[in-house]
Amino acid sequence: MLEDIEDVDGETEPLSLPDYDEEKLREEKREELTDQPDKELRAELGRMDEEEREWRDEYDVDGPRELEEGITSEMDASERRERRRVAYYWRQNQHMRRMIEGVLDG
């Protein structure tokens, strides 16, 4: 069982991560994407574009790194937490975009 630790902002983080084969998980995701129609994959890319455009506009940044670099101690804990959450999802989008584009180009 995983134990959690609490950081300064009161967020909890896993103390340890479960054992898993990262490459196997990536391959399974690629196979899952390959089974999807191109139309659905392109729609997902469009959804990601819109979501990222909204984040750019809302936070006035160009990417997740810039979003995280803009986190300051003057912000309240919930704002810092929200920016970290958005940066995390933005990176997930970037990763999935590369996978989807690889499937579409492949």
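Biologist: Why is W55 called buried?

Modeller: In this predicted model, W55 has a relative accessible area of 9%, and since the term buried is applied to values under 20%, W55 counts as buried.

Biologist: And what makes W90 buried?

Modeller: The relative accessible area of W90 is 0%, so that W90 falls under the 20% limit and is classed as buried.

Biologist: Why is the pair of W55 and W90 described as tilted?

Modeller: The ring centres of W55 and W90 lie 5.5 Å apart, which is within the 6.5 Å that a pair requires, and their planes stand at 45°, neither under 30 degrees, as for stacked, nor over 60, as for edge-to-face, so the pair is tilted.

Biologist: How do you know that this pair links distant parts of the chain?

Modeller: W55 belongs to helix α2, which covers residues 38-59, whereas W90 belongs to helix α4, residues 77-105, and the two tryptophans are 35 residues apart in the chain.

Biologist: What makes the pair of Y88 and Y89 edge-to-face?

Modeller: For Y88 and Y89 the distance is 5.4 Å centre to centre, and the angle between the planes is 70°; because an angle over 60 degrees is counted as edge-to-face, the pair of Y88 and Y89 receives that name. By this rule the count of aromatic pairs comes to two.

Biologist: Are Y88 and Y89 buried, partly exposed or exposed, and how do you know?

Modeller: Y88 has a relative accessible area of 49% and Y89 one of 36%; partly exposed is the class between under 20% and over 50%, so both tyrosines count as partly exposed.

Biologist: How do you know that the span of α2 is close to what is expected?

Modeller: Helix α2 has 22 residues, and from its first C-alpha to its last it reaches 31 Å, close to the 32 Å that would be expected at 1.5 Å a residue. The residue that follows α2 is D60, with a positive phi near 55°.

Biologist: What puts the buried residues of α2 on the same side of the helix?

Modeller: The buried residues of α2 are L41, L45, M48, E52, W55 and Y59, and they cover an arc of only 85° around the axis, which means that they lie on the same side of α2. The face turned away from this buried side carries the exposed residues K39, R42, A43, D57 and E58, while the cover over the buried residues includes α1 (22-34), α3 (64-69) and α4.

Biologist: Why does R97, an arginine in helix α4, count as buried?

Modeller: The relative accessibility of R97 is 16%, and because this is under 20%, R97 counts as buried. Apart from its neighbours within four places in sequence, R97 is in contact with L45, M48, D49 and E52, and of these L45, M48 and E52 are among the buried residues of α2.

Biologist: What does the chain come to as a whole, and how confident is the prediction?

Modeller: The chain has four helices and two strands, which run β-β-α-α-α-α from the N terminus on, and 25% of its 106 residues count as buried. The mean pLDDT is 86, with 82% of residues reaching 70 or more, although over residues 1-6 the pLDDT is below 50, and this stretch has 16 contacts in the model beyond near neighbours in sequence.

Terms used
Residues numbered from 1 in each chain as written. Predicted model: local features only at pLDDT ≥ 70, side-chain atom pairs only at ≥ 80, totals over all residues. Heavy atoms only, no water. pLDDT = per-residue confidence, 0-100. Contact = heavy atoms within 4.5 Å. Buried < 20%, exposed > 50% of the residue type's maximum accessible area, 1.4 Å probe, protein only. Phe/Tyr/Trp six-rings, centres within 6.5 Å; stacked < 30°, edge-to-face > 60°. Expected span 1.5 Å × (residues − 1). Arc of directions from axis to C-beta.
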